[in-house]
Amino acid sequence: MSYTDKFGEKAAVLEEQSSFSKVLDGACERLWDKKVELSIRRIKQLDEYLIRMEQELTALIPGKDHEA
């Protein structure tokens, strides 16, 4: 069967869709991984910010033991 035969055309289209699906799945997977990476980075930044705020608050309240 050649590419122009009806069955050949369907097979070519199905193969193209399958290939596109694989590319799309790969792209979505990479985007999800990037989102996770950026979310972890942001959580670390916020944690550092909260630690600094806690230290500033501790310095503002004299005479208290702030050890947790």
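**Notebook: one helix and its side chains**

I looked up Ile 40 first and found it partly exposed, with a relative accessible area of 44%. For this term I noted the cut-offs: buried means under 20% relative accessible area, exposed means over 50%, and partly exposed lies in between, with a 1.4 Å probe and protein chains only.

I recorded that this is a predicted model, in which local features need pLDDT of at least 70 and side-chain atom pairs count only at pLDDT 80 or more, while totals for chains, interfaces and linings use all residues. I also noted that residues are numbered from 1 along each chain as its sequence is written, and that side-chain values use heavy atoms, with hydrogens and water left out.

**The chain**

I found 1 helix and 0 strands in the chain. Helices (H or I, at least four residues) and strands (E, at least two) are DSSP runs, numbered from the N terminus. Ile 40 lies in helix α1.
Of the 68 residues in the chain, 3% are buried. The chain exposes about 6,700 Å², and carbon and sulfur atoms supply 60% of this area. Accessible areas come from the Shrake-Rupley method with a 1.4 Å probe; for residues, only the protein chains shown count as cover.

**The nonpolar patch**

Which residues make a nonpolar surface patch with Ile 40? I found Trp 32 and Val 36, and the patch covers about 300 Å². Patches are made of residues with over 30% relative accessible area and no salt bridge; like charges are joined within 9 Å, and nonpolar side chains (Val, Leu, Ile, Met, Phe, Trp, Tyr) within 5 Å.

**The salt bridges**

I then looked up the salt bridges, each being a side-chain nitrogen of Lys or Arg within 4 Å of a carboxyl oxygen of Asp or Glu. By this rule I recorded 2 salt bridges.
Glu 37 meets Lys 34 in one of them, at 3.6 Å from N to O. Both residues lie in helix α1 (residues 6-60), 3 residues apart, which is about one turn of the helix. Glu 37 is partly exposed at 37% relative accessibility, and Lys 34 is partly exposed at 41%.
Glu 37 also forms a salt bridge with Arg 41, where the closest N and O atoms are 3.3 Å apart. Arg 41 and Glu 37 are 4 residues apart in helix α1, so about one helical turn separates them. Arg 41 is partly exposed, with a relative accessible area of 42%. Salt bridges that share partners thus join Lys 34, Glu 37 and Arg 41 into one network.
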